Amino acid sequence: MSRPPTDFEIRVYDLISTIPKGKVSTYALVARALDCGSNQAVGQALRRNPFAPRVPCHRVVSAALTLGGFNGHRDGDELARKRRMLEEEGVRFDAQGRVHPACIHVFQEWWPAP
DNA sequence: AACCTGACGGACA
DNA sequence: CTGTCCGCCAGGT
C-alpha cells in the first residue's frame with residue numbers, strides 16, 4: 001500500500017532535510033517557508049515518514065515547542081524516543097519538557113521579487 | 001464530486 | 001493548566 005510521494009510531500013521532505021543536527025523547526029515554520037496555509041497539512045505529510053532517517057522528521061516540533069508527534073504517535077514511548085534522539089543531537093529542553101528557544105532553526109529565506 | 005481526517009495553531013472559556 | 005471551536009489544506013475513500 002505504498003504510494004509515490006506527492007509533490008507537496010517532496011517539498012516538505014526536502015526542506016526539513018536542511019535542518020541541521022542540534023536544531024529543530026516547527027510545523028508552522030515549515031508551512032510558512034513552503035507558503036502553505038495549513039500547518040496541519042505539513043504534519044500530515046510527516047505523519048508517516050517513508051524516508052526515515054534520511055528525512056529527519058524528529059527535528060520538527062510544535063509551535064508551542066512541545067514535541068508534537070513521532071512515528072504516528074502523539075504520546076507514549078514513541079514520543080519519548082523522539083525526545084531522546086533530539087537530546088543526543090544536542091537539543092536542550094527546559095524543565096517543562098519544551099525545546100529551548102535557542103535551538104530553533106531559521107530557514108534561509110529568499111524569494112524572487114515583490 | 002462530496003465528504004472525512006489530521007504528528008497544527010490560535011483564540012477563548 | 002484543561003478543553004472546545006474554528007480555519008486551514010493535502011490526501012484518502
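**Where the protein meets DNA**

Let's start with one atom pair: in the side chain of Ser38, an N or O atom sits 3.4 Å from a base oxygen of DNA strand C. A pair like this is called a polar contact, meaning two N or O atoms within 3.5 Å; inside a protein, one of them must be able to donate a hydrogen and the other to accept it, and residues adjacent in sequence count only if both atoms are side-chain atoms. Gln44 also reaches a base of DNA strand C: an N or O atom in its side chain is 2.9 Å from a base nitrogen.

Before we go on, here is how to read the picture. This is a predicted model, in which local features need pLDDT of at least 70 and side-chain atom pairs count only at pLDDT 80 or more, while totals for chains, interfaces and linings use all residues. Residues are numbered from 1 along each chain as its sequence is written, chains are lettered from A and ligands numbered from 1 in the order in which they are written, and side-chain values use heavy atoms, with hydrogens and water left out.

Now step back to see who surrounds DNA strand C. The residues near this strand (a heavy atom within 4 Å of it) are Arg3, Thr6, Phe8, Glu9, Gly37, Ser38, Gln40, Ala41 and Gln44. Of the strand's atoms that come within 4 Å of the protein, 79% belong to sugar and phosphate. Two elements, α1 (7-16) and α3 (39-47), each give two or more residues to this surface, and α3 has the largest share, with three. Helices (H or I, at least four residues) and strands (E, at least two) are DSSP runs, numbered from the N terminus.

What about DNA strand B? Here 15 residues lie around the strand, and Tyr27, Gln40, Leu46, Arg47 and Ala63 come nearest. Sugar and phosphate make up 46% of the atoms of DNA strand B that come within 4 Å of the protein. Gln44 appears again, with a polar side-chain atom 3.2 Å from a base nitrogen of DNA strand B. Leu46 uses its backbone instead: a polar backbone atom lies 2.4 Å from a base nitrogen of this strand. Arg74 meets a phosphate oxygen of DNA strand B, at 3.3 Å from an N or O atom in its side chain. Both α2 and α3 supply at least two residues of this surface, and α3 gives the most, six residues.

Let's look inside one helix. In α1, the buried residues (under 20% relative accessible area, where over 50% is exposed and in between is partly exposed, with a 1.4 Å probe and protein chains only) are Glu9, Val12, Tyr13, Leu15 and Ile16. They lie on the same side of α1, because they cover an arc of only 165 degrees around the axis; the arc is that of the directions from the helix axis to the C-beta atoms. Among the elements that cover them are α2 (27-33), α3 and β2 (60-61).

Ala41 belongs to helix α3 and counts as partly exposed because its relative accessibility is 23%. Leaving out residues up to four places away in sequence, Ala41 touches Phe8 and Cys36, where contact means heavy atoms within 4.5 Å.

How many disulfides does the structure hold? There are zero, a disulfide being a pair of cysteine sulfur atoms within 2.5 Å. Cys36 cannot form one because its sulfur is 18 Å from the closest cysteine sulfur, in Cys57, too far for a bond.
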